[in-house]
Amino acid sequence: MAGSLIVKNIETYYGPIMAIRGVSLEVRAGQIVTLLGANGAGKTTVLKTISGAMEPQKGSVDLDGEPIVNLDPDVIARRGIAHVPEGREVFPFLSVEENLLMGAYSRKDKGVRNDLHAVYDYFPVLLEKRAQAAGFLSGGQQQMLAIGRALMLAPRIMLLDEPSLGLSPKYVAEIASIITRLNQERGITVLLVEQNVKVALDISEYGYVMENGRIVMEDTTERLKQATDIQEFYLGMKDEGVRGGRRWKQRKTWR
Amino acid sequence: MEVLQILISGVSQGCVYGLIAMGFVLIYKATEMVNFAQGELMMLGAYLAYTFINVLGMSYIPGFIATVISMAIIGVVIERGVLRPMIGEPPFAVLMITIGLGFILRAVAGAIWGTETKTLSNPFTGSVARISDLSVGYENLAIIVGTLTLCVTFYLFFRFTRLGIAMQAASQNQLAAYYVGIPVKRIYSLVWALSASLAAVAGVLVAPVSLLEPVMGFIGIKAFCAAIVGGFGSLPGAILGGLIVGVAEQFANLYLPPGIAATTAYVMLLVMLLVRPQGLFASIQQKKV
Ligand SMILES: Nc1ncnc2c1ncn2[C@@H]1O[C@H](COP(=O)(O)OP(=O)(O)O)[C@@H](O)[C@H]1O
Ligand SMILES: [Mg+2]
């Protein structure tokens with residue numbers, strides 16, 4: 001099974017601003033790996049650097065052992081990396097089906113029709129709305145379309161940037177289960193950036209935590225779930241008693 | 001009857017504006033830049049046709065085809081050689097480059113073909129179609145029929161071909177187009193090829209009704225007005241804007257003093273910007289960055 005990704009020591013800038021300060025991470029073929037971190041930590045920039053939308057000043061990105069850094073993003077896509085960017089970037093004036101077929105633009109093989117049906121199986125609502133302009137879909141449906149369109153690339157690895165951002169809990173659960181199915185049924189490797197840390201930790205097997213452009217923690221998700229920092233900052237599981245105590249203490253000092 | 005007569009010549013002139021305006025819009029929609037050398041591309045097309053037909057002695061249709069193909073290649077060369085190196089530069093700089101390109105093309109045409117006017121041999125001159133007591137010059141008919149054919153072809157191309165849809169995709173969301181593996185840079189080259197071929201068609205069609213001279217590309221400015229009237233960013237709008245400007249101009253010629261009539265296109269542009277700044281065919285399109 002293919003789709004392994006090795007990122008070594010990348011540094012990426014927005015003009016003079018250094019957004020990524022030496023990030024290394026590895027996604028093994030067939031894994032679901034999650035990249036966590038607060039807003040502005042640099043998660044999106046890491047994904048953009050992998051998919052070629054941004055060029056790193058330093059460092060390397062290897063897909064199945066081949067360097068892909070500094071290639072154009074469309075070339076990287078054709079090599080098998082499908083980037084589903086944050087914010088549901090669909091082609092608003094094309095129909096749903098045209099959007100999906102554009103996902104397979106670079107493919108010449110006969111599997112395209114089959115994959116189109118597969119996408120409609122994963123997301124029946126897209127079949128229902130296949131002739132509608134994508135701009136008229138709801139947020140959740142556009143997210144499904146973006147994932148379906150990435151699937152049409154027949155990718156080795158999918159980079160998903162906050163797929164459940166702003167979606168209702170029903171859609172969040174559906175998208176999480178689809179990601180798991182894509183991984184299990186189609187063998188697609190996944191690198192997942194997600195605001196919903198609980199969902200991300202549940203469906204991934206390994207996780208990295210970013211802060212200020214650096215990786216500050218990495219471990220299996222089993223162990224990350226136990227880590228107190230994660231519990232405090234992301235899962236909101238801080239012991240009420242302790243919290244109360246601290247508040248009390250603060251009061252004292254005010255006086 | 002006179003009104004109908006004027007209407008027809010207005011429509012024919014408007015088609016020419018419309019064809020050039022479509023070139024503006026195509027490039028703008030795909031690459032978000034305005035190619036102010038669009039009129040000069042038309043001029044170059046007309047001169048190339050003159051070279052193929054009058055100088056090299058090709059007959060009209062093969063000469064026409066050779067012109068369109070040559071201009072497509074020139075379009076690609078300009079995109080690769082001049083515009084692509086400008087990626088990432090401020091829009092203002094890119095704008096200046098296309099204006100400069102127009103100057104250069106005019107100078108080159110003057111150097112190669114001279115500044116005295118030339119006439120393109122064509123099968124239409126002098127023949128007139130009579131429809132009841134209306135007489136329409138074949139050259140005007142050719143412009144109208146040619147434009148109509150091109151519009152239908154473009155519609156079919158953008159609506160039904162994979163490449164046409166990919167061009168729409170790249171113009172609607174450039175980054176997403178990259179992410180699905182559409183070769184966006186190659187698409188831009190093709191858009192320039194298409195746009196330059198359009199200019200070539202306009203040049204060949206307009207040649208019989210207007211003499212060839214290096215400054216003939218200045219009608220590009222009126223076509224630019226037409227594109228804005230039509231709602232810059234919509235191909236049907238470009239044609240419609242062209243027709244409106246063309247027809248209004250012909251009527252102004254008849255009823256207004258010559259000095260004022262010549263400003264019709266600009267007056268219409270001003271009126272449109274005041275009344276409906278988004279143009280006739282406002283595309284609801286919010287460009288994503
Ligand atoms: N277009 C941009 N121009 C300048 N700085 C940016 C831009 N996009 C993001 N940044 C900065 O880069 C850092 C990382 O951003 P980003 O990768 O979007 O974080 P995340 O996805 O983790 O929220 C942030 O400090 C942000 O302010
Ligand atoms: Mg982000």
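A polar contact is taken here as a pair of N or O atoms within 3.5 Å. With that cut-off in hand, the ligand site of this predicted model is a good place to start. An oxygen atom of ligand 1 sits 2.8 Å from an N or O atom in the side chain of A:K43. Another entry on the list of contacts involves the backbone: a polar backbone atom of A:G40 lies 2.7 Å from an oxygen atom of the ligand. A:Y14 joins in through its side chain, where an N or O atom is found 3.5 Å from a nitrogen atom of ligand 1. On its own, ligand 1 has 560 Å² of accessible area, and the protein covers 60% of that.

As for who lines the site, the residues around ligand 1 are A:Y14 and A:A19, followed by A:A38, A:N39, A:G40, A:A41, A:G42, A:K43, A:T44 and A:T45. Sorted by class, this shell has 5 polar, 4 nonpolar and 1 charged residues. Helix α1 of chain A, spanning residues 43-51, supplies the largest share of the shell, with 3 residues.

Elsewhere in chain A, strands β9 (residues 206-211) and β10 (residues 214-220) run antiparallel to each other and pair over 6 bridges. Within this pairing, A:G207 stands opposite A:D219 of β10(A). The two strands make a hairpin with 2 residues between them. One residue in the turn, A:N212, has a positive phi of about 50°.

Turning to the cysteines, the structure holds 0 disulfides over all chains. B:C15, for one, is in no disulfide, and the nearest cysteine sulfur, in B:C151, is 7.5 Å away. Why does the sulfur of B:C151 form no bond with the closest cysteine sulfur? The distance of 7.5 Å to the sulfur of B:C15 is too far for a bond, given that a disulfide calls for sulfur atoms within 2.5 Å. As to their surroundings, B:C15 counts as buried because its relative accessibility is 7%. B:C151, at 24% relative accessibility, counts as partly exposed.

Also in chain B, B:F36 is located in the loop between α1 (2-31) and α2 (38-55). Its relative accessible area is 29%, so B:F36 is partly exposed. Although 59 residues separate B:F36 from B:L95 in sequence, the two are 7.3 Å apart in space, C-alpha to C-alpha.

Methods:
Residues are numbered from 1 along each chain as its sequence is written. Chains are lettered from A and ligands numbered from 1 in the order in which they are written. This is a predicted model: local features need pLDDT of at least 70, side-chain atom pairs count only at pLDDT 80 or more; totals for chains, interfaces and linings use all residues. Side-chain values use heavy atoms; hydrogens and water are left out. A residue is near a molecule or strand if one of its heavy atoms lies within 4 Å of it. A polar contact is a pair of N or O atoms within 3.5 Å; within protein, one must be able to donate a hydrogen and the other to accept it, and residues adjacent in sequence count only if both atoms are side-chain atoms. Accessible areas come from the Shrake-Rupley method with a 1.4 Å probe; for residues, only the protein chains shown count as cover. Helices (H or I, at least four residues) and strands (E, at least two) are DSSP runs, numbered from the N terminus. Ala, Val, Leu, Ile, Met, Phe, Trp, Tyr, Cys and Pro count as nonpolar, Asp, Glu, Lys and Arg as charged, and the others, Gly among them, as polar. Two strands pair if DSSP finds at least two bridges between them. Buried means under 20% relative accessible area, exposed over 50%, partly exposed in between (1.4 Å probe, protein chains only).
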